[in-house]
Amino acid sequence: MHFSIPETESRSGDSGGSAYVAYNIHVNGVLHCRVRYSQLLGLHEQETQQVPTEEVSLEVLLSNGQKVLVNVLTSDQTEDVLEAVAAKLDLPDDLIGYFSLFLVREKEDGAFSFVRKLQEFELPYVSVTSLRSQEYKIVLRKSYWDSAYDDDVMENRVGLNLLYAQTVSDIERGWILVTKEQHRQLKSLQEKVSKKEFLRLAQTLRHYGYLRFDACVADFPEKDCPVVVSAGNSELSLQLRLPGQQLREGSFRVTRMRCWRVTSSVPLPSGSTSSPGRGRGEVRLELAFEYLMSKDRLQWVTITSPQAIMMSICLQSMVDELMVKKSGGSIRKMLRRRVGGTLRRSDSQQAVKSPPLLESPDATRESMVKLSSKLSAVSLRGIGSPSTDASASDVHGNFAFEGIGDEDL
């Protein structure tokens, strides 16, 4: 992975007033965290590993678990691999940019935990094999948030099948919220093989097209509150259970986030000191955003999760998509295809298999009480700005926030 490190600064040590140099790590021009020199050295040594260029087979999964095997070079970047997968599936060139490759970790129950979206400069084969674990996979999934763009994809047979397979999978794993009656209607459309009608109905369902993260902790509406975060439809959704209450959901619109930042820290093991060479715990990642709770009140909300960077990338891509749409552009104009890039067509295309019929919804799955957009149903606690020692360069400003009006409150 390529890093840009434009600046350093001295920071206070963990104890005793000692000082160290903190290096700002930028990925794709966006600051994600700070590290010490020892951590930076480890990153540099991973970066400079010599990887011989040779042809290899790479397995890419579809959302429904179907495997697509493509022949690529170890030096191929994400765009090259994405084109190879599209060629194997016979997906048209002008629809390639509607999909992306994601690095995921397959959990024991078969569900996927999203690690990150593979960036343009990454070498997917190296990224997945360097982790030295069979639980890490590469998955193809749509890369846009506005369901209005589904119309472009559904015009093509392969695009339609990919969206259909992803939607069925998301419903099966509980990412898309359905009632028993909606489930009955969906299954009826499946039996009739009415894929477009199936997707039209799915588009009306809560959390359609959302990306769901692993259970984590937030300081909203109270400290150390267990939550499940989902990203989609220009918002972050937090599902939570308050003491003695049923499952609830609160939504944070990206247009009301003035800014956000990702910070990292390495907590000391219990009973240890900060002496050099002592063992440390795992890196703790936090996503914090400043949210316009009401017309005259901004409040910081912090989510502590190993997937905080992925959440930040989702926020940025949602804002980018909103700004393009606001300027009258289209998703096709967002695509930066390389001029003169070669597209390797496979001799044999691989069809997207139809998923099995939906199973009956889990009777133990509880319905959620939807909180209002202002979260007035949740008692709010005053939460101060997190980590006051962070500099202004940590903060990701949100230009979509500037267009907010009274009608949005």
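**Salt bridges, surface and burial in a predicted model**

Biologist: Let's start with Glu181: at 40% relative accessibility, what does this residue count as?
Modeller: Happy to help! Buried means under 20% relative accessible area and exposed means over 50%, with partly exposed in between (1.4 Å probe, protein chains only). Glu181 has 40% relative accessibility, so this residue counts as partly exposed.

Biologist: What should I know about the model itself, and from which number does each chain start?
Modeller: This is a predicted model, in which local features need pLDDT of at least 70 and side-chain atom pairs count only at pLDDT 80 or more, while totals for chains, interfaces and linings use all residues. Side-chain values use heavy atoms, with hydrogens and water left out, and residues along each chain, as its sequence is written, are numbered from 1.

Biologist: Which residue forms a salt bridge with Glu181?
Modeller: A salt bridge here is a side-chain nitrogen of Lys or Arg within 4 Å of a carboxyl oxygen of Asp or Glu. In this pair the closest N and O atoms are 2.7 Å apart. The two residues are three residues apart in helix 6, so about one helical turn separates them. The partner of Glu181 is Arg184.

Biologist: How many salt bridges does the structure hold?
Modeller: Side chains of opposite charge can pair when their charged atoms come close. One such network links Arg206, Glu235, Glu249 and Arg253. For the structure, the number of salt bridges is 13.

Biologist: How many residues apart are Arg258 and Glu290, which meet in a salt bridge?
Modeller: Their side chains meet with an N to O distance of 2.5 Å. The pair links distant parts of the chain, with Arg258 in strand 14 (residues 257-265), Glu290 in strand 15 (residues 284-294), and a separation of 32 residues.

Biologist: Which residue of that pair is buried?
Modeller: Arg258 has a relative accessible area of 37%, so this residue is partly exposed. With a relative accessible area of 11%, the buried residue is Glu290.

Biologist: What is the N to O distance between Glu286 and Arg284?
Modeller: Glu286 is buried because its relative accessible area is 18%. Arg284, at 39%, is partly exposed. Their side chains meet in a salt bridge, N to O, at 3.1 Å.

Biologist: How many strands does the protein have?
Modeller: Helices (H or I, at least four residues) and strands (E, at least two) are DSSP runs, numbered from the N terminus. Alongside nine helices, the secondary structure has strands numbering 18.

Biologist: Which residues, leaving aside neighbours within four places in sequence, is Ser127 in contact with?
Modeller: Ser127 lies in helix 3 (residues 124-129). At 13% relative accessibility, Ser127 counts as buried. Contact means heavy atoms within 4.5 Å, and beyond those neighbours Ser127 is in contact with Arg116, Leu118 and Glu122.

Biologist: What separates the C-alpha atoms of Gly174 and Arg212?
Modeller: Gly174 sits in the loop between helix 5 (157-172) and helix 6 (180-191). Gly174 counts as buried because its relative accessibility is 5%. Arg212 is 38 residues from Gly174 along the chain, and the C-alpha atoms are separated by 9.6 Å.

Biologist: What share of the 409 residues in the protein is buried?
Modeller: Chain-distant contacts come into this picture too: residues 24 or more positions apart account for 62% of the contacts with a separation of 6 or more. Of the 409 residues, the buried share is 45%.
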